[in-house]
Amino acid sequence: MKIIQIAVAVAAAALPAAAQVQLTGAGATFPAPIYQKWFSEYASKGVQINYQPIGSGGGIRGINEGTVDFGASDMPLDAQQLKNFKDKHGYDLLMLPTVVGAAVPVYNLPRVTAALRFTGDALAGIYLGKITMWNAPELKAANPGVNLPAQKIVVVHRSEGSGTTFCFTDYLSKVNAGWAAVGKNTSVNWPVGIGAKGNDGVAGMIRQQKGAIGYVELIYAVNNHLPYGLVRNKAGQFVKADIASVGAAAASVTELPPDLGISITDAPGKDAYPISTYTWLLVPSKIEDAQKRQAIKGFLKWAITSGQSEVGALDYVPLPKAVVAAEEKQIARIQ
Amino acid sequence: MATSFPVEPRVIVRSPRTFIERLRGGDQIALLTTLVCAVTIIVVVALIVVELWMNSQPAIKAFGWHFLTSSTWDPNAEKFGALPFIYGTCLTSALALLIAIPLGIAAAIFLAEMAPPQLSNLLTFLIELLAAVPSVIYGLLGIFVLVPLIRDCLVPVLVKFFGYLPIFQGDFYGVSFLSASLVLSVMVAPFIISVSREVLLAVPVEQREAALAVGATKWEATWQIVLPNASTGIIGSVFLALARALGETMAVTMVIGNTPKITASLFSPGYSIAAVIANEFAEASGRLYVSSLIFLGLVLFGLTIVINAVARILVLTTTQRSA
């Protein structure tokens with residue numbers, strides 16, 4: 001009997017909570033930790049947000065088919081995809097950058113203690129299968145004084161579609177004409193290499209295989225204390241990825257396209273880390289349900305202003321001010 | 001009860017029961033219930049096929065049969081071909097069975113015929129536990145335990161003695177067809193052992209006694225009398241193992257290397273159908289890309305049916321010849 005009484009009391013207490021606004025989102029896995037943190041904090045303002053990190057492709061499909069209130073993607077939608085959305089629904093799909101991340105090259109060369117330096121062409125050459133040895137002249141030239149072994153390079157890439165792969169291939173296709181033929185996407189037709197699942201799979205493969213090279217998210221490398229290499233940026237500087245250099249990459253791209261599908265790989269700044277990327281929330285410009293509309297707008301404004309102060313704790317990089325200002329205009333368009 | 005017993009048969013013989021009577025008797029209800037259950041399974045399978053077929057239409061229209069023979073998988077150029085994945089699925093499953101069948105049947109014979117009953121029960125319990133281990137655990141064990149073992153112990157031996165064979169040539173990076181097949185064989189062996197043991201135990205004791213009585217040794221009785229008697233059930237267990245091997249996703253993707261290439265060498269990385277679907281579906285954008293992945297699912301479905309049918313025909317012809 002007592003149990004029933006308690007159950008009724010609990011149900012009664014839970015009822016006002018059920019009257020809260022409920023939002024559903026799905027998509028990118030890379031920003032999922034910060035999104036979960038944001039959503040759990042924002043729940044105190046009466047908005048329950050349920051987010052499923054099912055992958056960017058799933059997020060794009062979900063928002064296209066209207067099964068979620070908002071999507072999330074690690075890669076910007078191209079003009080054709082945005083037009084398809086408008087043709088189908090009659091209103092726009094807004095792309096709103098939330099945080100900045102980066103991909104870093106990791107490798108296993110036990111005798112090499114110094115952090116290796118990579119040029120864009122060297123990385124592209126390795127991933128194209130043209131540079132096959134660690135003591136290749138391209139790598140030696142960038143690393144004077146480092147005793148590179150005469151060892152075969154074992155190339156490792158992500159096996160599943162991933163925003164990290166998009167960022168990495170976007171960078172390679174910008175800096176190397178040979179890679180442009182392979183192209184950029186969440187998964188591509190890799191000329192060489194072994195596919196490993198997830199950041200942990202890539203890291204595990206590299207730990208086991210001497211002479212291996214791969215790429216992982218900066219956050220993953222930092223949290224797991226993986227040593228990673230420097231990459232030469234557009235200004236010719238070899239830059240180590242960290243919050244400052246990735247932030248510099250975001251800040252140095254001042255020309256913002258109207259749809260905010262900004263690519264910040266190979267950014268021009270002197271201190272900019274070149275393999276950096278935004279991640280986006282995808283929100284329709286028209287939301288019928290007034291309550292939901294207010295909730296989404298409120299959350300988005302909070303996330304790009306107050307919410308930004310929390311991203312550093314999880315090793316994400318906050319948005320530059322210019323992007324925040326541009327986003328506020330976009331958020332105001334949601335009707 | 002005892003008095004009514006001789007009366008009953010006469011009633012049945014005199015007038016066959018009507019439908020209502022049979023319904024009341026439970027026969028018809030049992031028939032209907034079991035029929036509905038059987039049809040449900042068939043309907044579910046049919047719905048899966050229909051759904052796969054409909055969603056793979058864009059890919060079928062774009063590529064047709066060429067999908068099965070092309071080995072390009074390029075999401076950027078929107079060119080998709082299934083051949084490397086079909087090759088990987090077939091190769092790893094076949095190799096896994098090649099290892100697991102002798103191992104499994106021999107283990108089952110030991111457990112059913114040779115081992116003392118208490119030891120047999122204990123071992124059987126442990127083996128059945130193996131079948132319940134989630135495949136991601138097998139994958140992790142594969143990466144962190146089996147792959148280093150293969151690299152440091154098995155591969156040097158294979159290269160030394162069989163290095164002239166094309167299947168044992170090239171560099172070995174750990175993840176490969178060979179690793180995937182070995183992990184799969186460990187995963188499917190419990191199915192063969194567990195089912196085969198039950199089947200062997202079900203062979204009547206009289207058969208063994210008769211063989212022993214005419215002077216057969218214990219092994220002769222097992223090999224020539226018990227095993228042929230149980231062969232249908234053992235083959236059934238192999239089919240079960242084959243189905244598991246064809247569809248296994250997680251453990252395979254962790255150790256196969258996820259590279260859509262067709263090479264003769266077992267040392268090189270490859271890919272399987274189930275693995276590529278699991279890896280790429282979540283992030284696939286674009287109608288043709290998603291549709292091609294679903295088409296791959298349909299291909300796997302078809303492949304399973306074809307392989308099962310061929311295996312069944314093979315078994316049928318060989319058993320008829322021996323009989």
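Analyst: A helix here is a DSSP run of H or I with at least four residues, and helices are numbered from the N terminus. The model under discussion is predicted.

User: How do you know where Ser56(B) is placed, between which helices of chain B?

Analyst: Helix α3 of chain B covers 27-55 and α4 covers 57-63, and Ser56(B) is in the loop between the two.

User: What makes Ser56(B) a buried residue?

Analyst: The cut-off for a buried residue is 20 or more other C-beta atoms within 10 Å. Ser56(B) has 22 such atoms within 10 Å, and is therefore buried.

User: Which residues beyond its neighbours within four places in sequence is Ser56(B) in contact with?

Analyst: They are Ser291(B), Ile294(B), Phe295(B) and Leu298(B). Contact is the word because the C-beta atoms in each pair lie within 7 Å. In addition, the C-alpha atoms of Ser56(B) and Leu296(B) are separated by 8.5 Å, although their places lie 240 residues apart along the chain.

User: Why are β4 and β8 of chain A said to pair?

Analyst: Pairing requires at least two bridges between the strands. Strand β4 (residues 93-107) and strand β8 (residues 212-217) of chain A are joined by 5 bridges and run antiparallel, so the requirement is met. One of the partnerships links Tyr107(A) with Ile213(A) in β8(A).

User: What makes β2 and β7 of chain A the edge strands of their sheet?

Analyst: The sheet is open, with 8 strands in the order β2-β1-β3-β11-β4-β8-β6-β7 (chain A) and mixed pairing. Strands β2 (47-52) and β7 (194-196) of chain A each pair on one side only. From one strand to the next, the twist averages 25°.

User: Which strands does helix α3 of chain A touch as it packs on the sheet?

Analyst: Helix α3 (residues 56-65) of chain A touches β1 (21-27), β3 (70-73), β4 and β11 (276-284) of chain A, and its direction makes about 150° with that of β3(A).

User: How many residues does each chain give to the contact between chains A and B?

Analyst: Chain A gives 24 residues and chain B gives 21. On the side of chain A, α3(A) provides the largest share, 4 residues. By class, that side has 17 polar, 5 nonpolar and 2 charged residues.

User: What are the two domains of chain A, and how many residues of each are in contact with the other?

Analyst: The assignment gives domain 1 (2-100 + 279-331) and domain 2 (103-251) of chain A. Their C-alpha centres lie 32 Å apart, and 15 residues of domain 1 are in contact with 14 residues of domain 2.

How values were computed. Residues are numbered from 1 along each chain as its sequence is written. Chains are lettered from A and ligands numbered from 1 in the order in which they are written. This is a predicted model: local features need pLDDT of at least 70, side-chain atom pairs count only at pLDDT 80 or more; totals for chains, interfaces and linings use all residues. Domain bounds come from an automatic or database domain assignment. Axes are lines fitted to C-alpha atoms, for helices over the stretch in contact, and angles run from 0 to 180 degrees between N-to-C directions. Ala, Val, Leu, Ile, Met, Phe, Trp, Tyr, Cys and Pro count as nonpolar, Asp, Glu, Lys and Arg as charged, and the others, Gly among them, as polar. A residue is buried if 20 or more other C-beta atoms lie within 10 Å of its own, exposed if 12 or fewer, and partly exposed in between; C-beta atoms are placed from the backbone.
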